[in-house]
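Got the viewer open and a hand on the mouse? Here is a short tour, stop by stop, with what to select at each one.

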Amino acid sequence: MKGLLKSIRSQWQTWIGVGALGALLCMQMLVLPSRGYATESPQAVVNQFYQWYVQNQLEVREKISQQQAVFDPVLYQQLVKAFQKGPQDGEWLDIDPFSATQVSTFKAVVKPGKPTLPNPRLAEVDVEVFAGLRPPGNPVSIKVLLGKPGDRWQIRNLVYLRSWNNLLCELKLINRSTKS
């Protein structure tokens, strides 16, 4: 009888331990942020996008739909429309919009983001894109503007600091033009 009670107590302690471990894991999953969820910072969103971009830069036009959630809907629609145009259409996107160059991008260094005061649902993140014909490339400074219309940050625009042109205005100009 004593052995039976000891065995039952041991099994009971094992089940309590397993249950407590399971409860702890569930609580951690609820509390800890996961990749791709709304808790990501503006810097993390930009960093993940530019990592994807550097790996896929030769196929960005074909694969941009993989990154649709990263972009504000207006910017995404303008990008898709502009990516469908070519020289035969008159105006077309003849630069890489994420590096503001016509050469290879070797890496992107994302700097810490800053909230745009007085609106905490807007943010700016500076990026140094290293582009050129050979590594390491030359730095190209870009300011990424983000908004948080819901529960996640989205890229709203890119400002090319060398010229102060911005991507959304360039895309709107390209997309409104028609070949004469």
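A word on exposure before we start: a residue is buried under 20% relative accessible area, exposed over 50%, and partly exposed in between, using a 1.4 Å probe and protein chains only. This is a predicted model, where local features need pLDDT of at least 70, side-chain atom pairs count only at pLDDT 80 or more, and totals for chains, interfaces and linings use all residues. Residues are numbered from 1 along each chain as its sequence is written, and side-chain values use heavy atoms, with hydrogens and water left out.

**Stop 1: W164.** Select W164, in the loop between β5 (154-160) and β6 (165-166). Strands here are DSSP runs of E, at least two residues, and helices are runs of H or I, at least four, numbered from the N terminus. W164 has a positive phi of about 65° although it is not a glycine. Its relative accessible area is 59%, so W164 counts as exposed.

**Stop 2: A100.** Now go to the loop between α4 and β1 (104-110), where you'll find A100. This is not a glycine either, yet phi is positive, at about 60°. A100 is partly exposed, because its relative accessible area is 24%.

**Stop 3: P135 and P136.** Show the backbone here: the peptide bond joining P135 and P136 is cis, with omega about 5°. P136 sits in the loop between β3 (119-132) and β4 (138-147).

**Stop 4: α4 and α5.** Pick Q77, in helix α4 (residues 73-83). Q77 is exposed, at 55% relative accessible area. Add L171: the two are 94 residues apart in sequence, but 9.7 Å apart in space, C-alpha to C-alpha. Next, colour α4 and helix α5 (residues 167-176), which pack at about 45° with axes 9 Å apart. That angle makes α4 oblique to α5. (Angles under 35 degrees are roughly parallel, over 145 roughly antiparallel, 65 to 115 roughly perpendicular, and the rest oblique; axes are lines fitted to C-alpha atoms, for helices over the stretch in contact, with angles from 0 to 180 degrees between N-to-C directions.)

**Stop 5: a pocket.** Which residues are closest to the centre of the second largest pocket? Select Q57, R61, I95, D96 and P97, from the 14 that line the pocket. (A pocket is an open set of points on a 1 Å grid over the protein atoms alone, where a 1.4 Å probe fits, with protein on both sides within 12 Å along at least five of seven lines; lining residues have an atom within 4 Å of a point.) Helix α3 (residues 60-63) gives the most to this lining, with 3 residues.
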